[in-house]
Amino acid sequence: MSGTVDTDVLVVGAGPAGCAAATTLARRGLGVVLVDRARFPRDKCCGDGLTTGALRRLELLGLDPGDVASFTSVRALAVRSPHGRIVELPLERGGTSCAAVARRRDLDAALVAVARAAGAVVIEGHELERLAVGRAGRDPACCAGFGDGLLVRSHIVVAADGAWSRVRALREHANSRPSRPGVGGWHAFRAYAAPVARGASEKLWVAFEPELLPGYLWSFPLAGGTANIGIVVRRGDSGSGRVLAAAWRDALAGPFLTSLLGPAAALEAPARSWPIPAGVDGAPLAEPSGRVVYVGDAARAADPFTGEGIAQALETGAAAARAIADAGTGEPELAARRYAAEVRRTLGTEHRMGRALSGLVGSAGGAEGVVRVAGASRWTRRAAGRWLFEDVPRTLPVTPSSWRRETFERPVPYSGAPGALGAREADPARRSGEDRGGLSRG
Ligand SMILES: Cc1cc2nc3c(=O)[nH]c(=O)nc-3n(C[C@H](O)[C@H](O)[C@H](O)COP(=O)(O)OP(=O)(O)OC[C@H]3O[C@@H](n4cnc5c(N)ncnc54)[C@H](O)[C@@H]3O)c2cc1C
């Protein structure tokens with residue numbers, strides 16, 4: 001596609017952050033163009049794990065799990081301590097699962113369809129190359145140049161273009177700010193393995209391997225005897241790419257993963273690796289003019305403790321859209337201030353806590369202690385599962401004001417809806433469809 005398109009808001013990047021922003025803006029009646037360099041469905045290097053918090057936000061957007069071919073609900077997380085203690089945290093309430101795994105290839109394509117149905121103009125296969133942001137009073141202030149001669153002019157640009165945000169790099173260059181030394185946070189390796197043994201096909205697994213701390217190894221089940229496996233390590237501690245690759249090879253050949261996956265398991269394709277920028281206080285959330293707003297990984301919204309970022313991408317994307325729609329495109333500075341304040345309120349404390357916890361599990365003794373405390377009783381196992389999977393706010397331990405009945409009794413996401421997670425598990429036709437999809441897709 002070439003030529004010039006005029007719109008109220010341009011959203012660059014159609015991952016969870018961009019789709020949440022575009023869907024919310026379109027539903028509020030604004031003109032929105034959502035551009036991605038990829039064509040969907042496309043893979044995204046990810047663990048594919050969906051917390052209760054992520055599922056709640058997907059439900060709010062109107063996503064039907066039935067539209068996500070590989071969607072697999074899960075009922076438990078097994079956590080393994082550095083000394084091999086295994087604690088199982090339940091992830092269900094009232095018989096309904098509160099967590100799921102879905103290939104990003106499927107999830108993101110379904111989210112793009114939701115954005116399109118809401119009224120966003122979706123343009124795939126065009127990479128952002130240039131961005132000019134004019135002075136106050138000039139409108140439309142932003143002019144974005146994409147490959148193939150596509151120009152999009154808008155009042156505001158929402159940067160949802162992920163960890164290596166091109167928007168951020170272009171704006172840092174234009175504002176003569178020194179480039180950041182890196183994206184910070186975590187770095188992760190991921191692969192799909194199949195056919196995996198029963199233990200790996202039924203539960204989520206997280207193992208605090210001593211050499212990866214405060215990072216960890218994971219194995220998340222998908223239908224058809226497939227598991228998404230990977231390691232996540234701190235970028236600062238991990239050194240060069242060669243050291244990281246060696247850590248991945250060691251984890252793959254190590255006794256824990258080989259025994260969990262079983263003798264028949266083989267990798268679908270070589271592992272992919274990608275950074276996870278974590279910590280919203282590490283980078284500006286918007287330019288002071290409000291013309292450029294950052295969401296999701298481009299805003300370093302992922303959790304500094306777990307490296308999980310889908311819920312945070314959905315949350316920041318929707319929050320930016322709400323602020324823009326509330327203030328109107330004529331008041332971008334106001335929208336930017338409100339958005340930044342909202343994110344600091346919702347994620348700021350959470351990220352400070354996340355960093356402290358990450359410090360705690362940074363040593364084998366600390367990680368051992370945390371797993372021991374989580375597994376102390378039936379009550380602690382249930383509470384730890386609900387807290388870790390954001391069924392209750394992560395800031396709950398430090399915000400007594402939120403200790404209200406409604407905080408603890410929020411409905412399980414999708415319970416009772418046509419695409420309910422429980423219903424999906426019970427539907428044999430759907431499950432056999434998932435099974436066909438599991439191994440054959442690459
Ligand atoms: C290995 C790994 C495992 C992870 N596991 C989990 C997990 O299990 N659960 C979880 O919640 N989180 C996990 N995360 C984090 C999660 O993947 C991210 O936080 C999340 O994808 C962020 O969403 P986003 O929309 O901000 O960015 P992305 O999902 O990265 O989407 C960015 C989009 O922008 C597009 N784009 C980029 N540059 C341009 C450009 N110049 N022009 C046009 N388009 C562009 C890309 O094609 C892409 O579609 C993991 C991350 C990694 C690396």
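Reader: Let's start small: in β14, what is the bridge partner of Gly145?

Author: Strands of a sheet pair through backbone hydrogen bonds, either parallel or antiparallel. Here the partner of Gly145 in β14 is Leu151. Strands are DSSP runs of E with at least two residues, helices are runs of H or I with at least four, and both are numbered from the N terminus; two strands pair if DSSP finds at least two bridges between them. Before we go on, this is a predicted model, where local features need pLDDT of at least 70 and side-chain atom pairs count only at pLDDT 80 or more, while totals for chains, interfaces and linings use all residues. Numbering runs from 1 along each chain as its sequence is written.

Reader: How many bridges join β13 to β14?

Author: 5, with β13 (residues 142-146) running antiparallel to β14. The two make a hairpin with 3 residues between them, and Asp148 in that turn has a positive phi of about 65°. On β14 there's also β1 (residues 3-6), paired in the parallel sense over 4 bridges; Thr4 sits opposite Leu151 there.

Reader: Which side chains of β14 are buried?

Author: In a regular strand the side chains alternate between the two faces of the sheet. Along β14 (residues 150-154), Leu150, Val152 and Ser154 point to one face and are buried, while Leu151 and Arg153 point to the other and are not. Buried means 20 or more other C-beta atoms within 10 Å of the residue's own, exposed means 12 or fewer, and partly exposed is in between, with C-beta atoms placed from the backbone.

Reader: What is the strand order in the open sheet?

Author: It goes β11-β3-β2-β15-β22, 5 strands with parallel pairing. β11 (121-123) and β22 (292-294) are the edges, each pairing on one side only. β15 (residues 156-159) is joined to β22 by 3 bridges, with Val292 in β22 as the partner of Val157.

Reader: And which residues are closest to the ligand?

Author: Gly13, Gly15, Gly47, Gly296 and Gly309, out of 39 residues surrounding the ligand; a residue counts if its C-beta atom, placed from the backbone, lies within 6 Å of it. α1 (16-27), β16 (186-194), β21 (272-276) and α9 (310-327) each supply at least two shell residues.

Reader: What does the chain average in pLDDT?

Author: pLDDT is the predictor's confidence in each residue, from 0 to 100. Where pLDDT is low, the predicted coordinates should not be read in detail. This chain averages 89, and 90% of the residues score at least 70.
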